[in-house]
Each structure stands twice: as C-alpha cells, then as structure tokens.
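Trainee: Could we go through this structure together, looking at its aromatic rings and its pocket?

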Amino acid sequence: MLALPTFAGQRVIVNPAPVAPVAPAVASPWSIELAATYTWGVPDIYLNNNGHCKEIKSIGADITGVYAIDEHNSVNLRFGYTWGGEKFAYGDEWWDKTRIHTFSLMPGYRYTDAITDQLSWFVGANVGIANASYKDSSYVEHHRAYSGHKSGWGFAYSAEVGLRYELTESLDVFCAYQYGGNTASPKDMGYRFAHRQHGHQARVGVGIKF
C-alpha cells in the first residue's frame with residue numbers, strides 16, 4: 001500500500017507497473033471455399049453419320065480445404081459433385097438420353113499474387129479420382145424402349161485461373177475460368193463416355209478463413 005504524505009502539499013509519486021507487450025495475432029493458414037460450377041462440354045468425339053449428339057452441359061458444387069504455405073503458395077483438397085446430361089438423336093423418332101452424376105476428390109496446388117490490397121489473381125491445378133454414374137435411356141416416338149444404369153471410376157483433373165476479392169479479413173469472393181474433366185466411364189455400355197466428361201467451366205464462390 002502507498003504511504004500517505006505527512007506534510008500538506010507533498011507530491012505523491014506513483015510508479016505504474018510495467019505492461020507486457022501483446023504479440024499480434026497470427027493469421028491462420030487454413031481456409032475453406034464453397035463454390036458452384038457450370039460446365040459446357042466440347043463436341044462429342046463419338047459422333048457418327050447416323051446421329052447427332054449435343055454438347056454435354058452440367059451444374060455442380062464443390063467444397064475445398066486450403067492451406068496457405070506462404071502469401072503466394074497454397075495446397076488444397078477439393079471434393080466436388082456435378083450433375084449433367086446429353087441427348088443423342090437418330091432422326092426425329094429415336095433418341096438416347098443420358099444422365100450423369102459425378103463425384104470427385106482432388107488434391108491440388110495454387111499460386112496467388114496481389115493486384116491491389118483487396119484484389120488478387122490466382123492460378124491452380126488439381127488431379128485426383130472420380131466416380132461417374134450413368135443412367136442411359138432410349139426412346140422411340142416418345143416411348144422409352146430401354147433403360148440402363150452403370151458406373152465407373154477414373155482420373156479427375158482441372159486447371160483454373162481467376163480473381164479473388166477480399167470483403168473482410170475472414171471472407172472473400174472469387175470467380176474463375178476452369179477446364180476440367182475425368183476419365184470415369186463404364187466399361188460395358190457399348191462405347192465409353194469418358195471423353196464426353198471434359199469441358200469449359202465457370203466457377204464462383206466464397207472463401208472463409210479460420
């Protein structure tokens with residue numbers, strides 16, 4: 001306890017206890033991305049003279065865990081799902097419809113560089129495995145004549161380039177052009193579907209830092 005002064009007017013000097021400096025918080029290297037994709041495929045290489053196949057189109061979603069090695073380099077693990085289909089027509093009375101559900105798991109690498117304090121660009125690539133499930137149905141004059149359901153495993157791959165905008169220290173939004181596909185295809189459906197599952201993709205989403 002401090003001693004009170006014994007004489008009027010005497011100054012009391014109090015020495016405050018030293019305050020230890022507080023170290024700045026270290027940003028976590030972990031983040032997670034939630035994204036949606038739209039795919040428009042390349043022309044079917046199995047097109048023949050008897051029919052016409054439209055390009056495959058699909059929608060999808062993915063969740064990606066990202067670990068930042070430093071301010072430029074990061075590694076990630078992406079789990080994705082896409083749903084799409086196509087129609088192969090033989091004239092006006094006979095056609096096939098195919099519905100394709102695809103799951104993929106791909107580790108990858110990404111390089112990021114700043115444009116401004118909030119805007120940055122990135123480029124990356126992923127490679128892994130995929131499982132595709134095909135439901136194929138044939139129709140004659142609007143009546144279904146055949147239906148089959150097969151699935152297969154294969155490699156999955158993608159490469160992307162895009163822009164990212166930081167809204168807050170823990171939240172950002174991004175958009176990217178991506179080219180990707182897989183080789184997952186049933187072996188016993190008459191011909192392989194694998195090369196139909198690759199194409200151009202638009203990917204948009206949000207990133208959340210821990």
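Mentor: Let us begin with a term: a residue counts as buried when its relative accessible area is under 20%, as exposed when that area is over 50%, and as partly exposed in between. Please keep in mind throughout that this is a predicted model.

Trainee: Is phenylalanine 174 buried or exposed?

Mentor: The relative accessible area of phenylalanine 174 is 5%. The cut-off for the lowest class is under 20%, so phenylalanine 174 is buried.

Trainee: Phenylalanine 174 forms an aromatic pair with phenylalanine 122, so which class does the angle between their planes give?

Mentor: A pair of aromatic rings is described by the distance of the centres and the angle of the planes. For phenylalanine 122 and phenylalanine 174 the centres are 6.5 Å apart and the planes meet at 85°. Since planes over 60 degrees apart fall into one class, this pair is edge-to-face.

Trainee: How many residues apart in sequence are the parts that this pair ties together?

Mentor: Phenylalanine 122 belongs to strand β6, whereas phenylalanine 174 belongs to strand β8, which spans residues 171-182. Phenylalanine 122 is itself buried, at a relative accessible area of 0%. The pair therefore ties together parts of the chain whose separation in sequence is 52 residues.

Trainee: Which charged residues lie over the ring of phenylalanine 122?

Mentor: One of them is arginine 110, which lies over the face of the ring at 5.2 Å from the ring centre. The other charged end sits over the ring 5.0 Å from its centre, and belongs to arginine 164.

Trainee: Turning to tyrosine 81 and phenylalanine 103, what class of pair do they form?

Mentor: The structure holds six aromatic pairs. In the pair of tyrosine 81 and phenylalanine 103, the ring centres are 5.0 Å apart and the planes stand at 45°, so the pair is tilted.

Trainee: Which strands does that pair link?

Mentor: Tyrosine 81 and phenylalanine 103 are 22 residues apart. With relative accessibility of 28%, tyrosine 81 is partly exposed, and phenylalanine 103, at 40%, is partly exposed as well. The strands linked by the pair are β4 and β5.

Trainee: Which element gives the largest share of the lining of the largest pocket?

Mentor: The largest pocket holds about 810 Å³ of space and is lined by 31 residues, with Glu71, Thr112, Arg164, Glu166 and Lys209 nearest its centre. These lining residues divide into ten nonpolar, ten polar and eleven charged. The largest share, four residues, comes from β5.

Key. Residues numbered from 1 in each chain as written. Predicted model: local features only at pLDDT ≥ 70, side-chain atom pairs only at ≥ 80, totals over all residues. Heavy atoms only, no water. 1 Å grid on protein atoms, 1.4 Å probe; cavity = no way out; pocket = protein on both sides within 12 Å on 5 of 7 lines; lining within 4 Å. Points joined across faces, edges and corners; volume = space filled by probe spheres on them. Helix = DSSP H or I, 4+ residues; strand = E, 2+ residues; numbered from the N terminus. Nonpolar A, V, L, I, M, F, W, Y, C, P; charged D, E, K, R; others polar. Phe/Tyr/Trp six-rings, centres within 6.5 Å; stacked < 30°, edge-to-face > 60°. Buried < 20%, exposed > 50% of the residue type's maximum accessible area, 1.4 Å probe, protein only. Lys NZ or Arg CZ within 6 Å of the ring centre and 35° of its normal.
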